[in-house]
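Hi everyone, thanks for coming. Please have a look at the sequence and the model before I start.

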Amino acid sequence: MKSSSQIHNIDPVWSPTSRILVLGSFPSVKSREAEFFYGHPQNRFWKVIASVCGEPVPATVPEKKVLLLNHDIALWDVIHSCTISGSSDSSIRDVVPNNIPDLLSRTSIQAIFVNGRKAADLYARYLRDSVGMDAVYLPSTSPANAAWTLPRLEVEWGEKLSCWLVE
């Protein structure tokens, strides 16, 4: 697949009361087409978040936003624009990061979590110094991360997020 320049086409989900921020790397092709986060049907993000929050798995974009906002979770990605081949994180180059410091200034975010190794690496390289906050690594919910089963992801994410979640 040929690499092409892409601009992030999904607005962040947040409210002034958001306490935690979960960052991915850059939306997949399916997510860009759906114009919402984790749009690939095999991505386990929504199942994991619902489980950790003790809620049913949301089906629609409005339900997904309500789930996040009811638990003071903000959601965005590290990258604003990049060159990428399809959905391949390993092909990402020419990175321009999102303005995470501006988002933090509008919220009550006290902790940042990154969904997957690529998001962690990109955050450390492009944002950690300007944000002034380390990010907590969470194993990727991508179907490409087959080493992590859904139950294992739910436990790991739950252990790291539970003290920050609003019940």
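I'll talk about one lysine, then a pocket, then a serine.

A quick word on the source: this is a predicted model, where local features need pLDDT of at least 70 and side-chain atom pairs count only at pLDDT 80 or more, while totals for chains, interfaces and linings use all residues. Residues are numbered from 1 along each chain as its sequence is written, and side-chain values use heavy atoms, with hydrogens and water left out.

Let's begin with Lys-64, which sits in helix H3, residues 61–70 (a helix is a DSSP run of H or I, at least four residues, numbered from the N terminus). Is Lys-64 buried or exposed? Lys-64 is buried, meaning under 20% relative accessible area with a 1.4 Å probe, protein chains only. Still, Lys-64 has no salt bridge, which would take a side-chain nitrogen of Lys or Arg within 4 Å of a carboxyl oxygen of Asp or Glu. The nearest side chain of opposite charge belongs to Glu-63, 8.0 Å away. Beyond four places in sequence, Lys-64 is in contact with Phe-36, Trp-46, Pro-58 and Ala-59 (contact means heavy atoms within 4.5 Å).

Now the pocket. Thirty residues line the largest pocket, and Ser-25, Asn-43, Asp-89, Ser-140 and Ser-142 lie nearest its centre. On a 1 Å grid over the protein atoms alone, a pocket is an open set of points where a 1.4 Å probe fits, with protein on both sides within 12 Å along at least five of seven lines, and lining residues have an atom within 4 Å of a point. Helix H5, residues 117–126, gives the most to this lining, with 3 residues.

Last, Ser-162 follows helix H7 (150–161). Its C-alpha atom is 8.2 Å from that of Cys-53, although the two are 109 residues apart along the chain.

Note on methods:
Helix = DSSP H or I, 4+ residues; strand = E, 2+ residues; numbered from the N terminus. Buried < 20%, exposed > 50% of the residue type's maximum accessible area, 1.4 Å probe, protein only. Lys, Arg positive; Asp, Glu negative; His and termini not counted.
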